[in-house]
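Me: I'd like to practise reading a structure with you, going from single contacts up to a whole binding site. Could we look at one together?

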Amino acid sequence: MNFLEERILKDGVVKSCNVLKVDSFLNHQVDIALMEEIGREFKRRFEDTPVTKVMTIEASGIGIAVFVAKELGVPLVFAKKSKSINIDGDVFVAEVESFTHRNKNQVVVSKSFLHAGEHVLIIDDFMANGCAMQGLISIVESAGATVEGCGIVIEKGFQIGGRVIRNMGYRVESLAIIDAMDADTGSITFRKQA
Ligand code: G4P
């Protein structure tokens with residue numbers, strides 16, 4: 001079991017509707033030592049790729065991506081969620097549907113901060129159905145940049161996102177993959193990874 005899986009078992013709380021609460025250490029209160037370790041682990045996994053930029057989406061991805069970008073020594077850009085339909089031409093746009101929150105957001109990245117020829121590592125805290133990741137991938141590709149990989153802290157392996165993104169041909173590295181969880185017993189089953 002790796003450091004993150006241990007922490008999820010210690011402090012994660014399984015809620016009904018297949019939601020794992022990790023707000024005591026990851027996405028509300030933030031354990032900085034854990035973030036540093038996450039940053040080092042993503043660096044270890046992606047240092048064989050020519051990453052020039054880390055990208056994530058607000059809000060919870062930012063705190064994690066900061067530590068990854070610092071380890072890799074590259075800038076971080078985060079996609080902003082926008083309700084506005086009057087998006088001007090200076091931004092790349094993707095529509096992202098959230099099944100968890102049952103809403104749609106347009107996510108935008110300024111054309112000033114993403115260019116053709118860049119090599120992008122996309123980082124996020126959770127992957128469930130993969131909608132956010134698909135939106136970020138489409139933004140990178142519409143800029144003419146290359147997706148070097150997707151780094152996910154917690155993948156919910158019983159939802160389709162990981163399979164969809166891998167089937168699209170992208171490299172996905174998830175620090176913990178949850179194959180099953182049970183709100184009644186609180187049990188969490190991780191996928192064995194090499
Ligand atoms: P998807 O992008 O993979 O399709 O996921 P989905 O629409 O289902 O998730 C929407 C939001 O809910 C995302 O945050 C995602 O990180 C979060 N989420 C999904 N499953 C869980 C879970 O089991 N536990 C927790 N704590 N969060 C989960 P978001 O809308 O981008 O919000 P935020 O980053 O602004 O917090």
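Me: Let me start with a side chain. With which side chain does the side chain of E118 make a polar contact?

Reply: Happy to help, and keep in mind that this is a predicted model. In general, a polar contact is a pair of N or O atoms within 3.5 Å. Here the partner of E118 is the side chain of K53, at 3.2 Å.

Me: Where does E118 lie, and is E118 buried or exposed?

Reply: For place, look at the elements on either side: E118 belongs to the loop between β6 (103-110) and β7. For burial, the cut-off is under 20% relative accessible area. E118 has 12%, so it counts as buried.

Me: Let me try a second glutamate. Which helix holds E41, and which side chains does the side chain of E41 contact?

Reply: E41 is part of helix α2, which covers residues 32-46. A polar contact of 2.7 Å links its side chain to that of R44, and another, of 2.8 Å, links the side chain of E41 to that of R45. E41 is also buried, because its relative accessible area is 14%, and buried means under 20%.

Me: Now the ligand. How many residues surround the ligand, and which are the closest?

Reply: A residue joins this shell if one of its heavy atoms lies within 4 Å of the ligand. In this model 22 residues do, and the closest are L20, S60, T100, A128 and G130.

Me: Which polar atoms of the protein lie 2.7 Å, 2.9 Å and 2.8 Å from atoms of the ligand?

Reply: Take backbone and side chains in turn. A backbone N or O atom of L20 is 2.7 Å from a ligand nitrogen. In the side chain of K81, an N or O atom lies 2.9 Å from a ligand oxygen. The side chain of K156 places an N or O atom 2.8 Å from a nitrogen of the ligand. As for cover, the ligand taken alone exposes 720 Å², and the protein buries 84% of that.

Me: Where does the ligand sit, and which elements give two or more residues to its shell?

Reply: The ligand occupies the largest pocket. The elements giving two or more residues to the shell are β2 (19-21), β5 (91-98), β7 (119-127) and α4 (131-142). The largest share, three residues, comes from β7.

Me: How many residues of each class does the shell have?

Reply: Sorting the shell by class gives nine nonpolar, eight polar and five charged residues.

Note on methods:
Residues are numbered from 1 along each chain as its sequence is written. This is a predicted model: local features need pLDDT of at least 70, side-chain atom pairs count only at pLDDT 80 or more; totals for chains, interfaces and linings use all residues. Side-chain values use heavy atoms; hydrogens and water are left out. A polar contact is a pair of N or O atoms within 3.5 Å; within protein, one must be able to donate a hydrogen and the other to accept it, and residues adjacent in sequence count only if both atoms are side-chain atoms. Accessible areas come from the Shrake-Rupley method with a 1.4 Å probe; for residues, only the protein chains shown count as cover. On a 1 Å grid over the protein atoms alone, a cavity is a set of points where a 1.4 Å probe fits but cannot get out, and a pocket is an open set with protein on both sides within 12 Å along at least five of seven lines; lining residues have an atom within 4 Å of a point. A molecule sits in a cavity or pocket if more than half of its atoms lie within 2 Å of its grid points. Helices (H or I, at least four residues) and strands (E, at least two) are DSSP runs, numbered from the N terminus. Ala, Val, Leu, Ile, Met, Phe, Trp, Tyr, Cys and Pro count as nonpolar, Asp, Glu, Lys and Arg as charged, and the others, Gly among them, as polar. Buried means under 20% relative accessible area, exposed over 50%, partly exposed in between (1.4 Å probe, protein chains only).
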